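Work through the exercises below with the sequence and the model at hand. Try each task before you read its solution.

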Amino acid sequence: MDPSPLPNQAPAFTKALLAWYQENYRPLPWRETPSLYSTVVSEFMCQQTQIATVLPYFDRWMKILPSFEMLTIASESLVIKLWEGLGYYSRARNLQKLAHQWMAAEPKPETAADWLAYPGVGPYTAAAIASITYEEHAAVVDGNVVRILARLTNDQREFSDNGKAVKAFTTLAGLLITHAERPGDHNQAMMELGATICSKANPQCLICPVKDFCEGQRVGNPAQLPRLAKRQIIQKRIDRVFLIHGGRLLIHRIPTTAKRLAGLCELPPGDLLEVSFPAELILTRRRGIANERIEERFLRIDWNSKLHSLITKDETLFWQPLNQLNDITLTGPHRKWLAELMAL
DNA sequence: AAGACGGGGAG
DNA sequence: CTCCCAGTCTT
């Protein structure tokens, strides 16, 4: 006899899930002394970023900017500096805008619908804030939840992208949280389950607290779900210059009007300085950006008068003293690779 | 409905 | 090396 459909078992499901969560949750810093502010900050940082990466950033941020009010007072350059290396810098700018809006708001936003109007807050973050801080029965639907629900229902559909999958499981996620005693913990438990037990690779079905509700586990291959189409990877290559002159390093400040990394600093692109071979190739590094695969080649060039005129003419190029490199905000990889370049 | 947005950890 | 993660915004 087939088991009852999952929605009919929602009360028992959330009960089992919460019981497991209470005994097994990781003591993350934003769970120690929860507040609206710490919840908002952690949710912004965790967008598209793994928890382990976020931890040191979160701790430093909360020490320096412990409240919405402090965040509104801070300079944008400090905010970006604290975000250096996390990526998706619009999150940091949106977070500061949000702080300003929240300070001015009266009455204060509480529901997910209220929060959805704030910059940088989409369906996921709105539900997270409303459930964790205000115990609203709003379900988060992210990659973790999609994976869990696809396996629970043994859903074999193939989704062309993550957005489609999220939409497909939003209704079910909402049904499951309806009867949750503590909606905030229910949502966090779903994410915790996805991060630890119902992981993408090698799910630990034997110790899963909701395996009795899982059609995927009952029928066959939960590890194969969900079925998501993979995206094409684009290959790129860029040459950059590593030039030190008079105790200063040549830096390129990305225009604030740029689409990506606006306002941040980087090692100057070679084409900006009209660098041509032969130049001394001193380091090659690769990195991924979204669906791009970028190879960066670093060239050592010598200072000359032609460069001087180019640099003087271009306002995005400037000299930064070597002992003041921490005063500028570099892109994450360049911050890291600069140490290697200096050692050469 | 697509594409853009950054970076790093895991396997 | 490849994959993809506590998504959102723009076009």
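**Exercise 1. Find how many cavities of 30 Å³ or more the model holds, and describe the largest cavity.**

Step 1. Fix the rule. On a 1 Å grid over the protein atoms alone, a cavity is a set of points where a 1.4 Å probe fits but cannot get out. Points are joined across faces, edges and corners, and a volume is the space filled by probe spheres set on them. The model is predicted: local features need pLDDT of at least 70, side-chain atom pairs count only at pLDDT 80 or more, and totals for chains, interfaces and linings use all residues. Residues are numbered from 1 along each chain as its sequence is written, chains are lettered from A in the order in which they are written, and side-chain values use heavy atoms, with hydrogens and water left out.

Step 2. Count. The rule gives 2 cavities of 30 Å³ or more.

Step 3. Take the largest cavity. Its space is about 90 Å³. Its lining (residues with an atom within 4 Å of a point) has 15 residues, and Arg 151, Cys 198, Cys 205, Cys 208 and Cys 214 are the closest to the centre.

Step 4. Locate the lining. Helix α10 (residues 143-152) gives the largest share, 3 residues. Helices (H or I, at least four residues) and strands (E, at least two) are DSSP runs, numbered from the N terminus.

Step 5. Sort by class. The lining of the largest cavity has 11 nonpolar, 2 polar and 2 charged residues. Here Ala, Val, Leu, Ile, Met, Phe, Trp, Tyr, Cys and Pro count as nonpolar, Asp, Glu, Lys and Arg as charged, and the others, Gly among them, as polar.

**Exercise 2. Describe the second largest cavity.**

Step 1. Its volume is about 40 Å³.

Step 2. Residues of its lining include Ala 139, Val 145, Leu 176, His 186 and Met 190. Helices α11 (162-177) and α12 (183-196) each give two or more residues to this lining.

Step 3. The lining of the second largest cavity holds 7 nonpolar residues, 2 polar and no charged.

**Exercise 3. Which residues are the closest to DNA strand B, and which polar contacts can you list?**

Step 1. A residue is near a strand if one of its heavy atoms lies within 4 Å of it. DNA strand B is surrounded by 22 residues, the closest being Tyr 88, Lys 259, Arg 260, Leu 261 and Gly 332.

Step 2. A polar contact is a pair of N or O atoms within 3.5 Å. A polar side-chain atom of Tyr 88 is 2.6 Å from a base oxygen of DNA strand B. A polar backbone atom of Gly 332 is 2.6 Å from a phosphate oxygen of DNA strand B.

Step 3. Sugar or phosphate accounts for 61% of the atoms of DNA strand B within 4 Å of the protein.

**Exercise 4. In what order do the 3 strands of the open sheet run?**

Step 1. The order is β3-β8-β7, with mixed pairing. Strands pair if DSSP finds at least two bridges between them.

Step 2. β3 (234-242) and β7 are at the edges with a single partner strand each, so one side of each has no neighbour in the sheet.

Step 3. β3 and β8 (residues 292-300) pair in the parallel sense over 9 bridges.

**Exercise 5. How does the protein meet DNA strand C?**

Step 1. 25 residues surround DNA strand C; among the closest are Cys 46 and Gly 120.

Step 2. A polar backbone atom of Gly 120 lies 2.5 Å from a phosphate oxygen of DNA strand C. A side-chain N or O atom of Trp 30 lies 2.9 Å from a base nitrogen of DNA strand C.

Conventions. 1 Å grid on protein atoms, 1.4 Å probe; cavity = no way out; pocket = protein on both sides within 12 Å on 5 of 7 lines; lining within 4 Å. Polar contact = N/O pair within 3.5 Å; in protein donor to acceptor, adjacent residues only side chain to side chain.
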